[in-house]
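This report describes the fold of one protein chain, with attention to helix packing and to backbone geometry. Please consult the sequence and the structure shown below while reading.

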Amino acid sequence: PKEFVKKYIVLLALHKLNTFHWHLTDDQGWRIEIEKYPRLTSVGAWRKETLVGHSTDDPAAERYDGVRHGGFYTQDDVREIVEYARARFVNVVPEIEMPGHSVAAIAAYPDLGVTGRPTEVATKWGVFDDILAPTDHTIAFMQDVLTEVMALFPSPWIHLGGDEAVKTEWKASPEVQARIKALGLKDEEALQGWFMKQMDAFLAKHGRRLVGWDEILEGGLSPNAVVMSWRGEDGGIAAARAGHDVVMTPTQYTYFDYYQSKDRDREPLAIGGYLPLEQVYGYDPVPAGLEPEFASHILGAQGQLWSEYLPGPKAVEYMAFPRLCALAEVVWTPKARKDYQGFLTRLATHLERLSILDVNYRPLDQ
């Protein structure tokens with residue numbers, strides 16, 4: 001809900017976290033109003049039902065809740081949230097996923113896809129073969145979307161995803177293969193690089209910078225692009241050495257959708273993984289393997305809170321806090337001054353503040 005997004009921004013500001021990365025589109029829903037393309041929300045913002053629990057190797061054994069789910073933020077909602085954040089010195093970075101994680105967009109406008117066949121908004125989590133077609137039409141469509149997004153978000157950074165883009169449909173399509181050949185490209189990875197460069201040039205023309213997950217390294221990058229290194233630190237190190245700015249987001253330290261205990265039966269359903277508070281606090285955003293002359297390319301770090309298993313605001317708070325408190329010290333405290341026991345002592349008082357603010361943090365003794 002909009003009011004919770006505003007509360008979350010207040011909590012970011014309380015911890016001197018100055019950026020809110022807002023993931024607004026994915027396979028299971030398109031969450032931002034685009035006036036030129038109303039079907040993105042009239043169709044793409046709604047799925048007919050949702051998977052219960054985790055996916056299995058046996059689709060026949062999977063259960064669904066049978067409940068239509070959806071919704072989206074209107075442009076007025078977005079303006080209100082962006083201004084609310086600006087007044088608290090928080091910049092909002094929107095993310096519009098491409099060319100993968102685009103099932104909701106293709107469900108709304110099938111001609112954006114490779115096959116042109118009708119599809120439905122995804123009802124389960126994961127990675128899908130559906131991918132945007134690398135056509136002039138699709139590029140123009142997504143640039144129209146970005147035009148409206150840039151009008152709403154003054155952020156110098158615009159995130160375009162770029163992760164987990166399965167190339168099965170591109171490999172099977174004669175039209176896509178002909179495009180690869182016509183462009184003189186090596187393969188499908190290079191085609192994704194070409195696709196993202198079209199978007200990068202478009203954003204740069206409007207004074208913005210493209211941000212993408214570390215997969216965008218695989219097809220070649222424009223010098224302007226910023227990399228979020230989520231599959232460990234190697235992508236961030238390679239990007240920094242190549243002269244790109246980097247935000248460190250490795251799963252093993254910053255994915256707050258991971259479990260907080262090894263005893264999963266005592267915790268709410270989560271995607272998997274294990275990330276205790278102490279591990280978050282122990283992170284250093286400047287990788288040990290990165291030479292000092294490239295360290296200035298590390299812009300900072302970010303905590304990821306993917307919400308597919310989080311049914312509402314209180315679940316979000318439980319997964320975010322107090323791990324987000326630890327991340328705040330990680331990004332603001334010189335390495336030599338970090339002290340986990342000192343942090344825990346101060347955290348005891350800080351948790352009282354969170355209680356007063358009605359934040360459903362995970363108790364330390366749980």
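Is the crossing of α1 and α12 left-handed or right-handed? In this predicted model, α1 and α12 cross in the right-handed sense. Further details of this pair follow, after a view of the chain as a whole.

## The chain as a whole

The protein chain contains 14 helices and 15 strands. Its radius of gyration is 21 Å, close to the 21 Å that the globule rule gives for 366 residues, so the chain is as compact as a globular protein of that length. Measured out along the principal axes, the C-alpha atoms fill a box of roughly 60 × 55 × 40 Å. Of the 366 residues, 53% count as buried. Among the contacts with a separation of 6 or more, 69% are accounted for by residues 24 or more positions apart.

## Packing of helix pairs

Two packed helices are described by the angle between their axes and the distance between the axes. The table gives these values for three pairs.

| Helix pair | Angle between axes | Distance between axes |
|---|---|---|
| α1 (residues 2-14) and α12 | roughly 20° | within 11 Å |
| α7 (residues 174-183) and α8 (residues 188-205) | about 75° | 10 Å |
| α13 (residues 323-332) and α14 (residues 340-356) | about 125° | 11 Å |

The axes of α1 and α12 cross at roughly 20°, and α1 is therefore roughly parallel to α12. On the α1 side, the contact is made by Phe4, Lys7 and Tyr8, and on the α12 side by Pro313, Lys314, Val316, Glu317 and Ala320. By class, these residues divide into 5 nonpolar, no polar and 3 charged.

For α7 and α8, the angle is about 75°, so α7 is roughly perpendicular to α8. Helix α7 contributes Val176, Gln177, Arg179, Ile180 and Leu183 to the contact, while α8 contributes Glu188, Leu191 and Trp194. The contact of α7 with α8 comprises 5 nonpolar, 1 polar and 2 charged residues.

The third pair has an angle of about 125°, which makes α13 oblique to α14. The crossing of α13 past α14 is right-handed. From α13, the residues Cys325, Ala326 and Glu329 meet Phe343, Arg346, Leu347, His350 and Leu354 of α14. This contact has 5 nonpolar, 1 polar and 2 charged residues.

## Leu347 and its surroundings

Which residues does Leu347 contact, leaving aside its neighbours within four places in sequence? They are Leu277, Pro322, Cys325 and Leu364. Leu347 itself belongs to helix α14. With a relative accessibility of 2%, Leu347 counts as buried, because the cut-off for that class is under 20%. The C-alpha atoms of Leu347 and Ala326 are separated by 9.0 Å, although the two residues stand 21 residues apart along the chain. Ala326 is one of the α13 residues in the contact with α14.

Pro322, one of the contacts of Leu347, is found in the loop between α12 (313-320) and α13. A cis peptide bond joins Phe321 to Pro322, with omega of about 10°. The loop that holds Pro322 thus lies between a helix that packs with α1 and a helix that packs with α14.

## Backbone geometry in the loops

Most residues other than glycine have a negative phi, and most peptide bonds are trans. Besides the bond before Pro322, a cis peptide bond joins Met98 and Pro99, and its omega is about -5°. Pro99 is located in the loop between β8 (91-98) and α4 (103-108).

Which loop holds His101? His101 lies in the loop between β8 and α4, where Pro99 is also found. His101 has a positive phi of about 50° although it is not a glycine. At 8% relative accessibility, His101 counts as buried.

Glu164 likewise has a positive phi of about 50° without being a glycine. Its place is in the loop between β9 (157-161) and α6 (168-172). Is Glu164 buried or partly exposed? Its relative accessibility is 28%, so Glu164 counts as partly exposed.

Notes: Residues are numbered from 1 along each chain as its sequence is written. This is a predicted model: local features need pLDDT of at least 70, side-chain atom pairs count only at pLDDT 80 or more; totals for chains, interfaces and linings use all residues. Side-chain values use heavy atoms; hydrogens and water are left out. Axes are lines fitted to C-alpha atoms, for helices over the stretch in contact, and angles run from 0 to 180 degrees between N-to-C directions. Helices (H or I, at least four residues) and strands (E, at least two) are DSSP runs, numbered from the N terminus. Angles under 35 degrees count as roughly parallel, over 145 as roughly antiparallel, 65 to 115 as roughly perpendicular and the rest as oblique. A crossing is left-handed if the near helix is turned anticlockwise from the far one by less than a right angle, and right-handed if clockwise. Contact means heavy atoms within 4.5 Å. Ala, Val, Leu, Ile, Met, Phe, Trp, Tyr, Cys and Pro count as nonpolar, Asp, Glu, Lys and Arg as charged, and the others, Gly among them, as polar. Buried means under 20% relative accessible area, exposed over 50%, partly exposed in between (1.4 Å probe, protein chains only). The radius of gyration is taken over C-alpha atoms; the globule rule is 2.2 Å times the number of residues to the power 0.38.
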